[in-house]
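Here's a set of exercises to work through with the viewer open. Try each task yourself before you read the solution under it.

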Amino acid sequence: MSKLTHLDDKGEARMVDVTDKALTEREARAEARIHMKVETLRMITEGAHPKGDVLAVARIAGIMAAKRTHDLIPLCHALNLTSVKVELTPGEDGASVHVMTHCKLSGQTGVEMEALTAASVAALTLYDMCKAVDKGMEISGVRLLEKKGGRSGHWVADNQ
């Protein structure tokens with residue numbers, strides 16, 4: 001098992017020093033899913049939601065969240081992201097939305113937290129926009145799917 005990088009030799013929290021790390025291309029993909037009533041998804045996909053295009057709002061929220069991850073997660077570095085993509089796809093079950101995120105940069109530290117934060121906030125935004133009509137929505141499956149670059153190289157989640 002690897003050593004936790006955000007703890008020093010005394011076990012105290014610290015921000016990882018990335019000064020000597022090589023500048024490399026880094027990418028991460030993450031996902032989340034929000035489950036809802038069939039009627040709620042129909043309202044969203046047919047453009048009948050009283051708040052308008054909730055998918056567009058959730059997409060923008062996910063992008064903004066990726067850019068502000070360092071403000072939300074202690075010890076995360078502020079990153080100069082070069083690309084953030086957030087895709088929201090109605091589930092084949094007719095009662096969910098699948099959120100997929102992809103973050104990229106050329107830098108000294110990875111973008112996994114940015115991809116995960118984007119997926120989480122996009123799903124939370126869908127909940128917020130739709131809670132007036134469906135308080136029982138459930139967010140699940142927030143996870144990292146893939147990361148590329150850096151010292152640890154390429155990693156892909158099982159069961160993609």
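**Exercise 1. Work out whether Gly91 is buried or exposed, then place it in the fold.**

Gly91 has a relative accessible area of 13%. The cut-offs are under 20% for buried, over 50% for exposed and partly exposed in between, with a 1.4 Å probe and protein chains only. So Gly91 is buried.

A word on the ground rules: this is a predicted model, where local features need pLDDT of at least 70 and side-chain atom pairs count only at pLDDT 80 or more, while totals for chains, interfaces and linings use all residues. Residues are numbered from 1 along each chain as its sequence is written, and side-chain values use heavy atoms, with hydrogens and water left out.

Next, the location: Gly91 sits in the loop between S2 and S3. Helices (H or I, at least four residues) and strands (E, at least two) are DSSP runs numbered from the N terminus.

Now the surroundings. Contact means heavy atoms within 4.5 Å. Setting aside neighbours within four places in sequence, Gly91 is in contact with Arg33, Leu41, Ser96 and Val97. Its C-alpha atom is separated by 12 Å from that of Thr40, 51 residues apart along the chain.

**Exercise 2. Trace the sheet and find which strands stand at its edges.**

Start with the pairing rule: two strands pair if DSSP finds at least two bridges between them. On that basis, five strands make an open sheet in the order S2-S3-S1-S4-S5, with antiparallel pairing. S2 and strand S5 (155-156) are the edge strands, each with a single partner strand, so one side of each has no neighbour in the sheet.

Take the S2 end. Eight bridges join S2 to S3, and Lys85 stands opposite His102 in S3. The two strands form a hairpin with five residues between them, and Gly94 in the turn has a positive phi of about 75°.

Then go to the other end. Two bridges join strand S4 (residues 138-148) to S5, and Lys147 has Trp155 as its bridge partner in S5.

**Exercise 3. Dissect the largest nonpolar core: how many residues does it have, and which have the most contacts inside it?**

First, what counts: a nonpolar core is a set of buried Ala, Val, Leu, Ile, Met, Phe, Trp, Tyr and Cys residues joined through side-chain atoms within 4.5 Å. The largest one has 31 residues, and Leu88, Val97, Val99 and Leu126 have the most contacts inside it. At least two residues each come from strand S1 (24-35), helix H1 (38-45), helix H2 (54-67), strand S2 (83-90), strand S3 (96-107) and helix H4 (112-130). H4 gives the largest share, nine residues.

Zoom in on Leu126: leaving out residues up to four places away in sequence, it touches Ile34, Val54, Leu55, Ala58, Leu88, Val97 and Met137.

Finally, look at how the helices lie. Axes are lines fitted to C-alpha atoms, for helices over the stretch in contact, and angles run from 0 to 180 degrees between N-to-C directions. H4 lies across S1, S2, S3 and S4, at about 25° to S1. H2 lies across S2 and S3, at about 150° to S2.

**Exercise 4. Which residues of H1 are buried, and why do they line one face?**

The buried residues are Thr40, Leu41 and Ile44. Seen down the axis of H1, they fall within an arc of 95°, so they line one face of the helix; the arc is that of the directions from the helix axis to the C-beta atoms. As background, an α-helix has 3.6 residues a turn, so residues three or four places apart point the same way. The buried residues of H1 pack against H2, S2, S3 and H4. Just after H1, Gly47 takes a positive phi of about 70°.

**Exercise 5. Why does Cys76 lack a bond to the closest cysteine sulfur?**

A disulfide is a pair of cysteine sulfur atoms within 2.5 Å. The closest cysteine sulfur to that of Cys76 is in Cys103, 12 Å away, which is too far for a bond. By this rule the model has zero disulfides. Cys76 does count as buried, at 17% relative accessibility, and Cys130 is buried at 0%.
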